[in-house]
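Here is a short walk through one structure, taken one region at a time. Keep the sequence and the 3D view side by side as you read.

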Amino acid sequence: MPIVSRPLFKNNIIKNPPSLPIPLRLGSLTVTKSFEEHPSASINYEGITEDNIGGFKQVYNPSRNTRITIDGIPFRVAPDGGYSYSRTGYVYRGTQQINVYTVSINLEGWWKVLCARKVKVKPLVDIRTGKISASKLASKAGVNLSGSFDIWAEDVNSETMMSLDDVLEEYARIKGCYVCYGVNVDLKKANSGSSYSFSWGEQISDGSNQLGVAPYYNGAALTWTPRESNKEQVDPNLPPEFKEKEPEYKTEYEYDQDVTNPPKGTAILRSLDSNLDQSGPKKVRRTTYSIDGQTDREVIETWGFAYYLKDFIETPDGLMILDPWRHWKLIEYQETRYYYQAISPPIYTLTTPQNTKEIEYQLTVHPDYEKYLGSGDSVRGLQSKVSNAKYLTSIVTSGWKLSRFQQEEPGGDTDTREMTFVDGEGMIDEMEWGWGYVGPPGQERIKWMLLKTGRLIPAPWWKVVKFQKINRQDVTSFYIKSMRADYEQDTVPYSIEWVFWDEMDEQMQRKLFSKVTPPVEGSNRRLKVGLITADMDFVEPMLVWTESRQASSIATMAHPDSTSEDPLPALVTGEESYYQSIWTKKNDEYSTEKIVELTASGAGFVDGVENVRYREIQGRPPEAQYRKTTWEQQQPKKTYTKSVVTTKEGVGKRYFVYSDSIPEWASEGGESLSFGAASTLEEAEKAAETQLKISTLQSTQETRTVSWHFPNIEGGDFCTFSGDKFTGRFRVLSSSYTLQFDGSQNIYGLDPICTSDGTQLTLGLWDNRSVKVEVREELANFNNDGNSNQGEDPKIDKNATIIILGGVLPSTVPNRRN
């Protein structure tokens, strides 16, 4: 590093002091930067009036998270006690009270809270290496980290949390670095840093100086954490295994309270108004069966009253039914089933990119995914071997409902009190023509008339008012088609990774040798292979182009008064309807929906009406509903593996560290050095050496005050001083300066009058220490490095076959006209 020499300053006036969010005119600014610690600063504003105090609270409110830059280093107001003030009252001209405030702001380094921020790390783990990139951890925490490293991720689960503070210092040691918190969070090599030189005239004061014995290792036990040693290992060469997840079956119940009994308070029925086909109360119980959140079957049961005039009794208060619960019954049952249909996965046609003079392109299915994708020498007709979804193609509703052709009328043909009931069926007396006597006793006369035969026959109007089960059948059908048939579609069930042949590992080359044509030896053209892997979560997007629904729930009977001489229309109850929604594409942005509705109901179904309407919307037809198959990646099989390197390093051996410069009186042994982040002897040795160098800074120290303002000096920088009684290079452990503001040089408050009493330095003696490790035998050293350069991903043409499911119901309603 170049040595920076400064001329003697004649005065302590600082012409360009740091800029602050609120300019400082009267008060002070203190900035402190220490070795391997976050910087801090304090600002004192003096002479603040009542009118201006509110602005300070707004600007320096810790909750605003304001970023304040001083000397190029970002700060924030400290969350704990970062803003405070004191008030002094004065009496002006003997009568007026004036408040003058002093505002104190404490700042901390911007990265301090972010380095301590805990984040979930499982998504950051590279499953191939079992490590976490420190850059990814820092990025997720919001830290700008310069100088990356990999963190071992052991026993990590979905709830495992980690911060940079947890790992930064120890991993810095095994890299031979120290941590500098400045513009960024930097890992700097132990012997790096800027250099400054100060003459006699630039040293304002020579403070406390102490000389001590440097720390040492005299046979300290060294331990670390060997990885990939004698334990169960995951074979990285095993292909991924996926298993279809068991569907989740769920049953939900929704019901009114005490559904099988009448509503509370229903003690008496006084009229026919509570019947199911009038204004009577109802209770419903709904049972829904779902598979993976999609409805598979639904049952709806409805209870209500069904009774007749014959059920009433005469009381002094009129007609009444005293036992309503006898007439509370199941009046409707409806079961709906949803039918899903699987598709045969589409066939995708891939066109290999055009070769160039430098690169030849070849496509093939990744060997690990041949179980899930079609493969071949030339990748044409690529097809997924798994079906990830079933699509809803029809909904069928069946069941029954209590209904009748007419409501009962008191005193009319339908009055059930005029009927005799046998086994629940309404009967009337059979009548036939014959001679009978009429008139008062003693004055009888014979007459041709209708006479009772003494036999009962079915009442013709009983079936008109009798509640009976009317079967219902509703069918909804969906005509669906692949979205890619009509719209641009980029989603595909695969991804392609491009890798140069000469950058693949040998094992992958062996797997692909029969699938691709390797380049000719000596050829200048490189081979780039597109490895196709399956997307196990892919679902083919389908659109509903037609939805048609047909509903039928009717019953008919001959009119009781109909004769051959005077025929009457049949009685009909129920309804038949037809609904159809037809979508057409207008352009890529708009679609048109045609809705056709046809309903027929009433006696003879003579009031059937067809209604046709159109609507235009921005967007596409609705997407088809589907039931997705979930695939779970299985845990790879584990194998018992011995690593040559870690077997020699980590099994049955002891390691002891010795440093240079060991005092003659030093005892052997002593402390134990443990570095859990290190996974090899080399890393542990490097960490021990770096730790020794940094610890040495604390043994021999100097303090200096230099003139005047050196805002760029930071912890770890080197300094030399003329006339120093200690020999060697010193490094900055702490650098601090205070700027005093005493007004401004003009009436506008610009050009503040700023002075400095100098920059205070605390320094430690730097000694480029070294260590050695004693072991019983020399270690074998193996290094398996893998590197893969994918290069640029060339674009390829892709097409797929179109899938069509479902159908359209015929738009007909039977004519029930007699």
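Which residues are buried in helix α4 (residues 164–174)? They are L164, V167, L168, Y171, A172, R173 and I174. Bear in mind that this is a predicted model. Just past the end of α4 comes G176. G176 takes a positive phi of about 75°.

Now look at T160. T160 sits in the loop that links β12 (150–152) to β13 (161–162). Its relative accessible area is 17%. The cut-off for a buried residue is under 20%, so T160 counts as buried. What does T160 touch, apart from its neighbours within four places in sequence? The contacts are V119, K120, V121 and D155. The side chain of T160 also has a polar atom that lies 2.8 Å from the backbone nitrogen of N157.

Next comes a sheet. Three strands make up an open sheet, and their order is β28-β36-β35. The pairing in this sheet is mixed. Why is one side of β28 (359–365) and of β35 (494–500) left without a neighbour in the sheet? Both strands stand at the edges, and each has a single partner strand, so one side of each has no neighbour there. From one strand to the next, the twist averages 25°.

Follow one pairing in that sheet. β35 and strand β36 (residues 526–534) run antiparallel, joined by seven bridges. To find one of these partners, start at Y494. Its bridge partner in β36 is A534.

Another pairing lies further along the sequence. Strand β44 (residues 656–659) pairs with β50 in the antiparallel sense, over four bridges. S659 stands opposite V771 in β50. In a regular strand, side chains alternate between the two faces of the sheet. Strand β50 (residues 771–774) shows such an alternation. V771 and V773 point to one face and are buried. K772 and E774 point to the other face and are not buried.

Last, turn to a pocket. The second largest pocket has a volume of about 300 Å³. It is lined by 15 residues, and those closest to its centre are K401, S403, S553, G574 and E575. Which strands each supply at least two residues of this lining? They are β30 (389–403), β34 (468–482), β37 (542–557) and β38 (571–585). β38 gives the most to the lining of the second largest pocket, with four residues.

Definitions and conventions
Residues are numbered from 1 along each chain as its sequence is written. This is a predicted model: local features need pLDDT of at least 70, side-chain atom pairs count only at pLDDT 80 or more; totals for chains, interfaces and linings use all residues. Side-chain values use heavy atoms; hydrogens and water are left out. Buried means under 20% relative accessible area, exposed over 50%, partly exposed in between (1.4 Å probe, protein chains only). A polar contact is a pair of N or O atoms within 3.5 Å; within protein, one must be able to donate a hydrogen and the other to accept it, and residues adjacent in sequence count only if both atoms are side-chain atoms. Contact means heavy atoms within 4.5 Å. Two strands pair if DSSP finds at least two bridges between them. Axes are lines fitted to C-alpha atoms, for helices over the stretch in contact, and angles run from 0 to 180 degrees between N-to-C directions. On a 1 Å grid over the protein atoms alone, a cavity is a set of points where a 1.4 Å probe fits but cannot get out, and a pocket is an open set with protein on both sides within 12 Å along at least five of seven lines; lining residues have an atom within 4 Å of a point. Grid points are joined across faces, edges and corners, and a volume is the space filled by probe spheres set on the points.
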